[in-house]
Amino acid sequence: MAPIENVGAHRAHQHKALEASRKVFETVHETWNKKFRRKYSLVEGYKTKGADTVIVIAGSQAATAKAAADTLQGVGVLKIRCTNPFPHADIQKELEGIKHVAVVDQAFVPGHGGLLHTKLASHASCSSFIAYKHLSEKD
């Protein structure tokens, strides 16, 4: 493979294409909703309205987090369905007015933290919880 002569321009092009992919995601899911009457978005809030604490999580562990939210008062869950493009605005909207945010990351890089925590660290009351194993209801 030939080396890329202008790496900066190439990366800028990649970034622009990734940001444009959000429209594709939304269009495909709009078509899906019309056909199957099931609506999906980049994030899914569960019991977040009126919650004091929201657990931010991605993947199948969201089901366990939802079960915990069902038993704990004032706790909601924000499931991140897509990390690229990262849905900053959607997350900010869901977390507006939330006092505490707990981030459960499965992808942990020593020295850097997890992907979700790194992206959400700007939230004033963001706590990080690193999941080294699959969570279960007893956890």
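In which strand is I57 found? In this predicted model, I57 belongs to strand β2, and with a relative accessibility of 1% this residue falls below the 20% limit, so I57 counts as buried. The C-alpha atoms of I57 and K79 lie 5.1 Å apart in space, although the two residues are separated by 22 positions in sequence.

The secondary structure of the protein consists of four helices and seven strands, and the order of these elements, read from the N terminus, is α-β-β-α-β-α-β-β-β-α-β. Of the 139 residues of the protein, 28% count as buried. Helix α1 comprises the 30 residues 7-36, for which a rise of 1.5 Å a residue predicts a span of 44 Å; the C-alpha atoms at its ends are 42 Å apart, which agrees with that expectation.

Strand β2, formed by residues 53-58, runs parallel to β4 and is joined to β4 by four bridges. Within this pairing, V54 stands opposite V101 of β4. Strand β4 itself covers residues 100-105, and because five of its six residues are buried, this strand is largely enclosed by the rest of the structure.

The largest nonpolar core contains 14 residues, and those that touch the most other members are V54, V56, L78, I80, I91 and L95. At least two residues of this core are supplied by each of β2, β3 (75-80), α3 (88-95), β4 and α4 (115-120). Separate from this core is a second one of eight residues, whose members include I57, A65, V77 and V104. The placement of V54 and V56 in the largest core and of I57 in the second may be read against the general behaviour of strands. In a regular strand, side chains alternate between the two faces of the sheet.

Strand β4 also carries a charged residue, D105. This residue is buried and yet takes part in no salt bridge, the nearest side chain of opposite charge being that of K119, 11 Å away. The side chain of D105 does, however, reach the backbone nitrogen of L116, at a separation of 3.0 Å.

Seven salt bridges are present in the structure. In one of them D90 is paired with R22, with 2.6 Å between the closest N and O atoms; since D90 lies in helix α3 and R22 in helix α1, this pair ties together parts that are 68 residues apart in sequence. Both partners count as partly exposed, because the relative accessible area is 23% for D90 and the relative accessibility is 25% for R22.

Strand β1 contributes E44 to two further pairings. The first to be considered is with K66, for which the closest N and O atoms are 2.6 Å apart; K66 lies in helix α2 (residues 62-71) and E44 in strand β1, so the contact ties together parts that are 22 residues apart in sequence. E44 itself has a relative accessibility of 19% and therefore counts as buried. The other pairing is with R81, where the closest N and O atoms are 2.8 Å apart; because R81 lies in the loop between β3 and α3, this salt bridge to strand β1 ties together parts that are 37 residues apart in sequence. R81 is partly exposed, with a relative accessible area of 31%. In addition, salt bridges with shared partners join R22, E26 and D90 into one network.

Some backbone features in the loops also merit description. Most residues other than glycine have a negative phi, and most peptide bonds are trans. Just after α1, R37 adopts a positive phi of about 55°; this residue is found in the loop between α1 and β1 (43-46) and is exposed, with a relative accessible area of 74%. For K47, too, phi is positive and near 55°. K47 lies in the loop between β1 and β2, and with a relative accessibility of 43% this residue counts as partly exposed. A cis peptide bond, with omega of about 0°, joins N84 and P85, and P85 is located in the loop between β3 and α3.

Terms used: Residues numbered from 1 in each chain as written. Predicted model: local features only at pLDDT ≥ 70, side-chain atom pairs only at ≥ 80, totals over all residues. Heavy atoms only, no water. Buried < 20%, exposed > 50% of the residue type's maximum accessible area, 1.4 Å probe, protein only. Pairing = 2+ DSSP bridges. Core = buried A, V, L, I, M, F, W, Y, C linked by side-chain atoms within 4.5 Å. Expected span 1.5 Å × (residues − 1). Lys, Arg positive; Asp, Glu negative; His and termini not counted. Salt bridge = Lys/Arg side-chain N within 4 Å of Asp/Glu carboxyl O. Polar contact = N/O pair within 3.5 Å; in protein donor to acceptor, adjacent residues only side chain to side chain.
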